[in-house]
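Colleague: Please take a close look at one part of this model, the place where the two chains meet. I would like a single connected account that I can follow with the structure open.

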Number of protein chains: 2
Amino acid sequence: MSTAQSLNDVNLEAVGGLAAAVTADPAKAQTTWSANVHWTGAFQSEAKVREFAPIKSDEPAGLGGGDSAPNPVEQLLAALGNCLAVGYAANASVAGIEIKELDIRLDGDIDLRPFLGVMPGHPGYSDIRVEVSLVSDAPAEQIAALHEQVAATSPVGKSLTAAIPVSIKAV
Amino acid sequence: MSTAQSLNDVNLEAVGGLAAAVTADPAKAQTTWSANVHWTGAFQSEAKVREFAPIKSDEPAGLGGGDSAPNPVEQLLAALGNCLAVGYAANASVAGIEIKELDIRLDGDIDLRPFLGVMPGHPGYSDIRVEVSLVSDAPAEQIAALHEQVAATSPVGKSLTAAIPVSIKAV
């Protein structure tokens, strides 16, 4: 293999090895991810993922919270931006594109009335807008292909643009 | 008003005031939320929300990451669980239900092949399962109505179960 073993600090051997492994054995591609959330009073809670420090959550004062942490809809934008960042790093590295800087701005609109129960309607985001600022010396057509590939394959992005089943069960 | 001013540590006056304000002036219900993500190398990035400490992101070693933080699809489950926790706290308090304990377990399935580019298909979650463990002395029918209301009005939950527009623009 003539590919450099690292570009954008990405471990290309690991990524290539994973792609080869799931191609050879599709069962290895079937992953399950988990989180455990514990309510700590008022609008505060903590989400525990594996051994990591919990992701704390609260609401702004204007929504009746203690304003001690990002709220869940902000966390959703954060997850989307972080997902796109991985997508850029992975796909750029495989394509031989060096990323010098990458910043992603995310904005989304919510009508609070359905959540507050004062009006029926869609309580979620009505629209999410993402602005990607990517600094690279790669040719424009390579960059354009990169943007397209990342947008088309983002796990968080596609969990939002597709309607996915969420079952909520009391236990 | 005879309602208690606080239940489950929730500021009922603030929540009631907000509901009244957006009913009187729907423009006040139109909110925009934001995050800024900065790539820090390899599969690591940081999402900044307002003045809070950044939400750090990385991938597990098996996916070529440094395993220093929850990954974006885990953050998505965390956001969903935290959103449901707010929903339970708010709706229970308005309904006069005391919550003694609330824990939420979230699991979701992803086929990695579309993200890795080895197969076309849906790169996002194919299914998300939520188990809610709620301890309360309230009557069963009140609890059942609470579960129904929270599931129907969760901003993050409904951003997943509905297909929402996400526009990604290079700037």
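Modeller: Contact here means heavy atoms within 4.5 Å. By that rule, 113 residues from chain B and 113 residues from chain A take part. The model is a predicted one, and every value below is computed from it.

The size of an interface is often given as the accessible area lost when the parts come together. Between chain B and chain A the buried area is about 10200 Å², and carbon and sulfur atoms give 64% of that. On the side of chain B, Trp33(B), Trp39(B) and Phe115(B) supply 8% of the area that this chain buries against chain A, more than any other three residues.

The relation between the two copies comes next. A turn of 180 degrees with a shift of 0.0 Å along the axis lays chain B on chain A, with an RMSD of 0.0 Å. That is the relation of a two-fold axis. Within chain B, Ala163(B) has the C-alpha nearest the axis, at 2.2 Å from it. Of the interface residues of chain B, 100% are also interface residues in chain A, so the copies meet through the same surface.

Polar and charged pairs also cross this interface. The rule finds 48 residue pairs in polar contact between chain B and chain A, both residues being at pLDDT 80 or more. Helix H2 of chain B, residues 72-95, gives the most to the side of chain B that touches chain A, namely 19 residues. Sorted by class, that side of chain B has 64 nonpolar, 31 polar and 18 charged residues.

Side chains of opposite charge can pair when their charged atoms come close. Across the interface of chain B and chain A there are 6 salt bridges. One example joins the side chains of Glu131(A) and Lys169(B), with 3.8 Å from N to O.

Strands pair across the boundary as well. Strand E7 of chain A (residues 127-135) and strand E8 of chain B (residues 166-170) run parallel, paired over 5 bridges. In this pairing, Ile128(A) stands opposite Val166(B). Strand E3 of chain A (residues 30-41) and strand E6 of chain B (residues 101-111) are antiparallel and pair over 9 bridges. There, Thr31(A) is opposite Ile110(B).

Strand E3 of chain A can also be followed within its own chain. E3(A) is joined by 5 bridges to strand E4 of chain A (residues 44-48), and the two run antiparallel. Val37(A) stands opposite Ala47(A) in that pair. E3(A) and E4(A) form a hairpin with 2 residues between them, and Ala42(A) in the turn has a positive phi of about 55 degrees.

Strand E4 of chain A leads on to a salt bridge inside the chain. Lys56(A) forms a salt bridge with Glu46(A), where the closest N and O atoms are 3.6 Å apart. Lys56(A) lies in strand E5 of chain A (residues 55-57) and Glu46(A) in strand E4 of chain A, so the pair ties together parts that are 10 residues apart in sequence. Over all chains, a search of the whole structure finds 18 salt bridges.

For orientation, chain A has 5 helices and 8 strands. Their order along the sequence is β-β-α-β-β-β-α-β-α-β-α-α-β. Taken along the principal axes, the C-alpha atoms of chain A fill a box of roughly 60 × 35 × 30 Å.

Key: Residues numbered from 1 in each chain as written. Chains lettered and ligands numbered in written order. Predicted model: local features only at pLDDT ≥ 70, side-chain atom pairs only at ≥ 80, totals over all residues. Heavy atoms only, no water. Buried area = accessible area lost by both parts, 1.4 Å probe. Salt bridge = Lys/Arg side-chain N within 4 Å of Asp/Glu carboxyl O. Polar contact = N/O pair within 3.5 Å; in protein donor to acceptor, adjacent residues only side chain to side chain. Helix = DSSP H or I, 4+ residues; strand = E, 2+ residues; numbered from the N terminus. Nonpolar A, V, L, I, M, F, W, Y, C, P; charged D, E, K, R; others polar. Pairing = 2+ DSSP bridges. Least-squares fit on C-alpha atoms with pLDDT ≥ 70 in both.
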